[in-house]
Amino acid sequence: MQRTIVLNVVGLTTELLGEHTPRLLQFVQQGRGLPLRTVTPAVTCSAQATFVTGALPREHGCVGNGWYFRDLAQVWLWRQSNALVQGEKLWDTARARDERFTCAKVFWWYNMYANVDWAVTPRPIYRADGRKLPDVHTSPGPLRTELTNELGPFPLFNFWGPKADIKSSRWIAEAALLIERRHRPTLNLVYLPHLDYDLQRHGPDSPQAATALQEIDAVCGRVFDEAERAGLRVIVLSEYGITKVDGPVHINRALRRAGHIAIREELGEEHFDPGASSAFALADHQIAHVYVQDPQRVPEVRALLQGLDGVEQVLDAEGKRAMGLDHPRAGELVALSRADRWFSYYWWLDDARAPDFARTVDIHRKPGYDPAELFIDPKIRAPMLRVLGKLFRSKVLRQRVLMDLIPMDASMVRGSHGRVTDRPEAGPLFVSNTPELVPDVDELEATAVKQVILDHIFGRRAQPFRAMG
């Protein structure tokens, strides 16, 4: 077996390589790279599940970063149990081939209770007094103490939210290298999310994106240097490309105006009631799963969605089959936005009646993805003073504090993803420092990634690649 490390540099594309990424550019020039044909939806959980199973969402079931759990009548996003991914995983296939195989999974999603040897994933501590404290979940358990003692606490608030920056990716890379030096896994899967932040905040062609590219390039360079000293094979890949956008599609507001969204009033706030709604959308970047209670009303809802400005496509049962999304967890309809738009989760028509969590970073209570969480509301005067005051009340006085700092202006978001990009160079890529193990194709299918990783560990396979679709 040949030890291999895989860097998942989220948001990296061929057209982003250049003067701001000298180490990554050198890595591509000395190895071999291909455009990677990602899945629909082109979001983290779906793409990663495809990479580790070699299957489409119709088989592994990860139809997005979350879905509507019909039996519970609840929308849940960003769950962490690996049992949610259906199908045989990469590490199980490898271990069946050679029982000496070991695997580290560092911040790849659906990480908890995966059948790997070392796992690290974000897991905040939620205190009864309302505080959220940075922490990680690890397997084995003592690895958590080992990493914290060596690297300090995981910088959770630099992983997502208004403070999201390079610190979290640096910590993740150092954790992966520590596991590499001390445990020498056969396969080390490493998730580096940094490009997600400013490419969504400011757009892929912004000055802030150029700085972010320089920062992640330096992190990758450090990993490359250690990997070379250790004699590792190295793969760099990404899940999707982030494209410039110019405003959201408020899909749930349209469904509400048509009478489909059921609202429960709580203390003057309007809360969404999915179980009582005849149709609603789980908004996930540039894709929205639309759940329709009565099958007889599907054509009516589809016609409504197709008439919305910014909607490019609405998939029915046949369309979902064509996209590999025909899984029971998917919505009865799946809407895709145009390349320059994305879907908000907002259902309220008056911001004064929005639920209190809409103005906070709360990825688990919001029934949809909210990239506005990357910003502090520009309407707040002296925002840092307000933040410090809230932290003092929370940490020192132990008071429950509502961290209502997030804007409800979706137009601030300048980049998004979720649909397959129109141009391959604007989409994800796959690069290896072992050119002979990269298939001789023009574009690598996401379903082929599992086998190519296995080839890096065990040598080239004899069987043909599995075709997508």
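**Loops, sheets and helices**

Me: Trp78 lies in the loop between which two elements?
Reply: This is a predicted model. Trp78 has a phi near 55°, a positive value in a residue that is not glycine. The loop that holds Trp78 runs between β4 (74-77) and α4 (90-97).

Me: Which residue does a cis peptide bond join to Thr40?
Reply: The omega of this bond is about 5°. The partner of Thr40 lies in the loop between β2 (32-37) and α2. The residue joined to Thr40 is Pro41.

Me: Where is Pro140 found?
Reply: Pro140 is joined to Ser139 by a cis peptide bond, with omega about 0°. Pro140 is in a loop, and the elements on either side of this loop are β9 and α5 (142-151).

Me: What is the order of the strands in the open sheet of nine strands?
Reply: The pairing in this sheet is mixed. β9 (136-139) and β23 (444-445) each have a single partner strand, so they stand at the edges, with one side of each left without a neighbour in the sheet. The order is therefore written with these two at its ends. In full, the order is β9-β6-β5-β10-β1-β11-β22-β2-β23.

Me: In β11, which residue is the bridge partner of Leu7?
Reply: Strand β1 covers residues 4-9, and strand β11 covers residues 233-237. The two strands pair in the parallel sense over five bridges. In β11, the partner of Leu7 is Val236.

Me: About what angle does the direction of helix α8 make with that of β1?
Reply: Helix α8 (residues 207-230) packs on the sheet and touches β1, β10 (187-192) and β11. Between the direction of α8 and that of β1, the angle is about 175°.

Me: Are α6 and α8 roughly parallel or roughly antiparallel to each other?
Reply: Two packed helices are described by the angle between their axes and the distance between the axes. Helix α6 (residues 166-183) packs with α8 at an angle of about 5°, and their axes are 10 Å apart. Angles under 35 degrees count as roughly parallel. The arrangement of α6 and α8 is therefore roughly parallel.

Me: How many charged residues does the contact of α6 with α8 have?
Reply: On the α6 side the contact includes Arg170, Glu174, Glu180 and Arg181. On the α8 side it includes Glu215, Arg222 and Glu226. By class, the contact has seven nonpolar residues and one polar residue, and the number of charged residues is seven.

Me: What word describes how α1 and α8 lie to each other?
Reply: Helix α1 (residues 22-30) packs with α8 at about 50°, with the axes 7 Å apart. An angle under 35 degrees would count as roughly parallel, and one from 65 to 115 as roughly perpendicular. The angle of about 50° fits neither range, so the word for α1 and α8 is oblique.

Me: Which residues of α8 make the contact with α1?
Reply: By class, this contact has five nonpolar, one polar and three charged residues. From α1 come Pro22, Arg23, Leu24 and Phe27. From α8 come Asp217, Cys220, Gly221, Phe224 and Asp225.

Me: Which helix gives the most to the lining of the largest cavity?
Reply: The structure holds one cavity of 30 Å³ or more, and the largest cavity has a volume of about 50 Å³. Its lining includes Cys45, Gln48, Ala49 and Val52, as well as Trp91, Trp108 and Trp109. By class, the lining has eight nonpolar, two polar and one charged residues. With four residues in the lining, the helix that gives the most is α2 (residues 44-53).

Me: Which strands are at the edges of the sheet of four strands?
Reply: This open sheet has the order β16-β17-β19-β18, with antiparallel pairing. From one strand to the next, the twist averages 20°. Two strands pair on one side only, and these edge strands are β16 (279-284) and β18 (311-315).

Me: In β19, which residue is the bridge partner of Val290?
Reply: Strands β17 (residues 287-292) and β19 (residues 333-337) run antiparallel and are joined by four bridges. In β19, the partner of Val290 is Leu333.

Notes:
Residues numbered from 1 in each chain as written. Predicted model: local features only at pLDDT ≥ 70, side-chain atom pairs only at ≥ 80, totals over all residues. Heavy atoms only, no water. Pairing = 2+ DSSP bridges. Axes fitted to C-alpha atoms, helices over the stretch in contact; angles between N-to-C directions. Contact = heavy atoms within 4.5 Å. 1 Å grid on protein atoms, 1.4 Å probe; cavity = no way out; pocket = protein on both sides within 12 Å on 5 of 7 lines; lining within 4 Å. Points joined across faces, edges and corners; volume = space filled by probe spheres on them. Nonpolar A, V, L, I, M, F, W, Y, C, P; charged D, E, K, R; others polar. Parallel < 35°, antiparallel > 145°, perpendicular 65-115°, else oblique.
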